[in-house]
Amino acid sequence: MTTTQTELRLAKRMSRLGTETAFEVLVHARALERQGKHIIHLEIGEPDQDTPANIVEAAVNALHQGYTHYGPSAGLPDLREAIAEDVAKSRGIKASADEVVVVPGGKPIIFFTMLALIEEGDEVIYPNPGFPIYESMINFLGGKPVPVHLREDRDFRLDVDELAKDITNRTKLIVINSPQNPTGGVMTRQDIQDLAAAIGDRDIMVMSDEIYHRLLFEGEHYSIASVDGFKDRTIILDGFSKTYAMTGWRMGYGVMRPDLAVHIARLATNSTSCTATFTQVAGIEALRGDQSEPEKMRQEFQRRRDVFVKGINQIKGFSCRLPKGAFYTFPNIKQTGWPSKKLADALLDDAGVAALSGTAFGAFGEGYLRFSVANSIENIEIALDRIDQWTKKNL
Ligand SMILES: Cc1ncc(COP(=O)(O)O)c(C=O)c1O
């Protein structure tokens, strides 16, 4: 690193900003690969398949047609319309284009929503283990993080009774995520209705992270936005990354009341200006075009989940529930006697299998590892064999 003469005087808030460990583990795994090691990647949360050809073609055509300029901060009107239609159909609600804001990925909806809503001291309830960006952003903004423990004996479905006890008159926002990262837990229709009843008519907003809603293996997807009286208090987060294997395109969206949407769009104007316009044209094709590829991907993830869970349950020290959605498995590793982070490091360094420590998703992730099944069956089988060999040597 080059040396500098001046002291870097970072803003204090930077010390409160967290991170997403998956990206760091990926960097470490790639460094090991450069040293000649063979690594099976089960750490990062993205489909291994390429974006379906019809979507790629739509983007290429859009580029040729001159979609190379700035667009409106809230998104192209035609895409907002297509999203509103899709969300209305998939959630059984009414939705219109002015309730949709298109941003570069699902993550900016977390960032912008929290920036727009949370003031210092506001309490935010969120799942733990859970997507680490929620906690990071709450801390960054000086909010008070109030984690709800997702428990294995409930198949990692959020316990509404437990959450209800955490609601106070300072609660500003409740974050839910179903199907869930990292556990694959899915909230039932009853869970959602119970949550709505627990919130009652309090003026609390709900950010419902539904980015995995199409990656469901059992049960149904039920959005809290469809509960009577909750549409105005819900921000639905969804996007293209996971359903259409478009992680690198950076395109997601939020659906919310129009008077909040204008502020989220204003935050976009102040930061990203807009989402790349040619990708938005491809987004319309993704939503309105042939849906057989995403469905094939979903079925393939289910097959891989079954292979992984069956295999890992035969390995000493590991036990794993069958996740009902998303493409993650979250085995319990308590019987190994190893702390999660140390075990994840050892599996990467000694066995060439990259996974994430459960603690990358919050303190209640101790005792678990997250393995993504977004890899081929062949690689999953190699990974299982390597973990098995490693445990036979080390446990
Ligand atoms: C629960 C959850 N929400 C949001 C995101 C962000 O998605 P994107 O890559 O579209 O920003 C992810 C990505 O891993 C996620 O797991």
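**Notebook: sheet, helix 7 and cores**

I began with a pair of strands: strand 9 and strand 12 (residues 369-372) run antiparallel to each other and are joined over two bridges. The model I am reading is a predicted one. For a single bridge in this pairing, I looked up Y328 and found its partner in strand 12 to be S372.

I then widened the view to the whole sheet. It is open, has three strands in the order 9-12-11, and its pairing is antiparallel. I noted that strand 9 (328-329) and strand 11 (356-357) are the edge strands; each has a single partner strand, so one side of each has no neighbour in the sheet. Helix 11 (residues 340-351) packs on this sheet, where it touches strand 11 and strand 12. I recorded about 40 degrees between the direction of helix 11 and that of strand 12.

Next I turned to the nonpolar cores. Which members of the largest core touch the most other members? Among its 65 residues, they are I110, M114, L173, F318 and F371. I followed F371 further, leaving aside neighbours within four places in sequence, and listed its contacts: L42, F308, F318, F327, Y328, T329, P331, L347, V353, A355 and I387. Y328, the residue bridged to S372, is thus also in contact with F371. I also noted a second, separate core of 27 residues, which includes A58, I93, Y244 and I284. As background, nonpolar side chains in soluble globular proteins tend to be buried together.

My next entry concerns helix 7 (residues 189-199). I found its buried residues to be D191, I192, L195, A196 and I199. Why do they line one face of the helix? Viewed down the axis of helix 7, the buried residues fall within an arc of 135 degrees, so they share one face. The general rule is that an α-helix has 3.6 residues a turn, so residues three or four places apart point the same way. The partners of these buried residues are helix 6 (160-166), strand 5 (171-177) and strand 6 (205-209). Just after helix 7, I noted that G200 adopts a positive phi of about 60 degrees.

Last, I took the chain as a whole. I counted 12 helices and 12 strands. Of the 395 residues, 56% are buried. The C-alpha trace spans about 60 × 60 × 55 Å along its principal axes. A compact globule of 395 residues would have a radius of gyration near 21 Å, and the chain, at 21 Å, agrees with that. Among contacts between residues at least 6 apart in sequence, 75% join residues at least 24 apart.

Note on methods:
Residues are numbered from 1 along each chain as its sequence is written. This is a predicted model: local features need pLDDT of at least 70, side-chain atom pairs count only at pLDDT 80 or more; totals for chains, interfaces and linings use all residues. Side-chain values use heavy atoms; hydrogens and water are left out. Buried means under 20% relative accessible area, exposed over 50%, partly exposed in between (1.4 Å probe, protein chains only). Helices (H or I, at least four residues) and strands (E, at least two) are DSSP runs, numbered from the N terminus. The arc is that of the directions from the helix axis to the C-beta atoms. Contact means heavy atoms within 4.5 Å. A nonpolar core is a set of buried Ala, Val, Leu, Ile, Met, Phe, Trp, Tyr and Cys residues joined through side-chain atoms within 4.5 Å. Two strands pair if DSSP finds at least two bridges between them. Axes are lines fitted to C-alpha atoms, for helices over the stretch in contact, and angles run from 0 to 180 degrees between N-to-C directions. The radius of gyration is taken over C-alpha atoms; the globule rule is 2.2 Å times the number of residues to the power 0.38.
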